[in-house]
Amino acid sequence: MRIGEEAELPRGTKQMRDAFAGALVEVARADDRVIALDGDLSSSTGMGLMRNTFPDRFFNIGIAEANLVGVSAGFAACGFIPFVGSLPCFLLPNAYDQLRLQVSIAGLNVKLLGSHAGVSTGREGPTSHAIEDFALVGGLPSFSILVPSDETAMAACVKAAADFVGPVYIRSSRGEFPRIYAEGKCRVRIGKANVVRNGADVTLAACGLMVGVALDAAATLQKEGIQARVLDMLSVKPIDREAVLAAARETGAIVTAEEHLVRGGMGAAVAQVAAEEHPVPMRFIGVQDTHLESGSVEELMARHHFAAPDIVEAALDVVAAKGGR
Amino acid sequence: MTEAGRTNLAALQEIARSIRLDVLEMTARMGGHPTSCFSAVEILTVLYSGGILKVRPAEPAWPDRDRFILSKGHAAPALYAVLARAGFFDVSELSGFRTMESPLHGHPKQNVAIGVEVTSGSLGQGLSFGLGTALAGRLGRHAFRVYVLLGDGECDEGQVWEAAMAAAHFRVENLTAIVDYNKYQQTGPIAREMALEPFGEKWKAFGWHVEEADGHDMEDLRRRLDCARVVQGRPQVVIAHTKKGKGVSFMESDYTFHARSPVGDQLQQAREEILHAHR
């Protein structure tokens, strides 16, 4: 069963990288300070469209992530808005020192696109999976993290990142995601989540591809008489305290779901908010403390228990823990 | 040398003397890397006070200003001293170095308002930032030039050579690197710990125009920087041969002063040696 089928979500019309590409060209058309810096992956990330559309504002810095980030900081210091495109598995570990000094400490207006995140590189194997990017970028004060859940959200995230003054990491993926939002109907605000399904029995807080998975789980739970609220945690950093606390108070139980290590991920940020002000039973769906195999996305999700049935099971568990719906 | 040039040089030497004294006092009080500063004093002086950098201390964010990028961030005290002497802020501010309410951090944090163009302190990063700045200048049709000061030990970092390769690839001509080649890294002589030679040949092989200078001779430095400025179609490097700890005899010959300062009688001797140099 494809992701989104249980919830009857429409299929995506384009790959996430193509949604990014189109959105980047749009913001570049509107603002000539926007430039693209590539780590020799423009044919993978979607930045190739920028290269073809605005060749003077596209620079391939080569397979040299440390230099790539350093160059972006130099551009940002001169008032440009550089979008740096790479794969997070290469960009973040290689250039962490540069991101920390030149971007985070300096607070420069650099935007990172991490394409092929999570396990979307599937069969490329564990060296190519990016299941620690929230933790890495999360360790950099002044950075925001945006995680689009479909092609519409991607366009809105790119626009929000360009409009925001400060460093932003946008997590992207290779393939198509099911449609969560109607065309042009996704509102993205840094620090804000979106409620994409109402419910009062339990909250499923998900991000990225896992929003579609959570909606599938919610459809299954409905058959059991459980109404799940689904939050699209578009802004993983800063986390939406208000939405988390409303979920804790109004539904009394939370399951988080992410294509990321559960340690240092979105769920941990949600839990911190709940723990501080309104603790409720919680479960964390994601990758445990391990690296994964070379396999399809579906195989990896099933083997490592971050598929829809795992969310359903966790939801039933927290609903029981709070004393039933 | 002309009479006018001699006068000018004497004035520069007085500024260099002040900067060395500032560095000595700052690092003696709050810690830091005095010898790494001393080797760079003439380079910094000629850049800021010798007519190389086009900057406006009263308008520090002037968009067309030349950019000076201190990549060897542990020479921060020397940068702060030269900025103060150039008029970016009052010399009295130097007493705040490394204290809580001061912008004069232990290693530089970007703060254009006081003339600090880049965050540094983890080595190897400044040339990339300088390249981005140089490309931004070209894209934005600004006439400014970018100068990056690297340490020699810093050139162990692979990122320096990533940036060197890319700068030649993009044919930036508004970018000049200066290497403070004081021949020592933290744990010992460069030649023993991690050899750089043939150093000039490496830069040439990466596509750079190479000049070599006596890094304590400000006339020679100025001449070499003038030569670099007119090179077209490629970046330039001035390899400045310097002495770590220059200006204080017992520090020049002892690399264990890398991250410590003289105290007591030695501190007084250092003050006197700097005061009486060239007089």
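These exercises, each with a worked solution, deal with a predicted model. Local features need pLDDT of at least 70 and side-chain atom pairs count only at pLDDT 80 or more, while totals for chains, interfaces and linings use all residues. Residues are numbered from 1 along each chain as its sequence is written, and chains are lettered from A and ligands numbered from 1 in the order in which they are written.

**Exercise 1. Burial of two basic residues**

Decide whether B:Lys72 is buried or exposed, and do likewise for B:Arg171.

Step 1. Set the scale. A residue is buried if 20 or more other C-beta atoms lie within 10 Å of its own, exposed if 12 or fewer, and partly exposed in between; C-beta atoms are placed from the backbone.

Step 2. Place B:Lys72. This residue is in the loop between β1 (67-70) and α4 of chain B. Helices (H or I, at least four residues) and strands (E, at least two) are DSSP runs, numbered from the N terminus.

Step 3. Count. B:Lys72 has 29 other C-beta atoms within 10 Å, so it is buried.

Step 4. List its contacts. Two residues are in contact if their C-beta atoms, placed from the backbone, lie within 7 Å. Beyond the neighbours within four places in sequence, B:Lys72 is in contact with residues including B:Ser36, B:Glu154 and B:Asp180.

Step 5. Turn to B:Arg171. This residue lies in the loop between α6 and β3 (175-181) of chain B. B:Arg171 has 12 other C-beta atoms within 10 Å and is therefore exposed. Leaving aside neighbours within four places in sequence, B:Arg171 is in contact with B:Gly233 and B:Arg234.

**Exercise 2. A helix in chain B**

How many residues of helix α4 of chain B are buried?

Step 1. Take residues 76-86; ten of the eleven are buried, and the helix is mostly covered.

Step 2. Name some of them. Among the buried residues are B:Pro77, B:Tyr80 and B:Arg85.

Step 3. Look past the end. B:Gly87 follows α4(B), with a positive phi near 100°.

**Exercise 3. A helix pair in chain A**

Describe how α4 and α6 of chain A are arranged.

Step 1. Take the axes. Axes are lines fitted to C-alpha atoms, for helices over the stretch in contact, and angles run from 0 to 180 degrees between N-to-C directions.

Step 2. Read the geometry. The axes of α4 (residues 65-77) and α6 (residues 96-105) of chain A come within 9 Å and cross at roughly 5°.

Step 3. Classify. Angles under 35 degrees count as roughly parallel, over 145 as roughly antiparallel, 65 to 115 as roughly perpendicular and the rest as oblique. α4(A) and α6(A) are therefore roughly parallel to each other.

Step 4. Name the contact. α4(A) gives A:Ala66, A:Val69, A:Gly70 and A:Ala73, and α6(A) gives A:Gln98, A:Leu99, A:Gln102 and A:Val103.

Step 5. Sort by class. Ala, Val, Leu, Ile, Met, Phe, Trp, Tyr, Cys and Pro count as nonpolar, Asp, Glu, Lys and Arg as charged, and the others, Gly among them, as polar. This contact has five nonpolar, three polar and no charged residues.

**Exercise 4. Where the chains meet**

Which elements give two or more residues to the side of chain B that touches chain A?

Step 1. Count. 21 residues of chain B are in contact with 21 residues of chain A.

Step 2. Assign. The elements are α5 (126-139) and α6 (158-169) of chain B. α5(B) gives the largest share, nine residues.

Step 3. Sort. The chain B side has six nonpolar, 13 polar and two charged residues.
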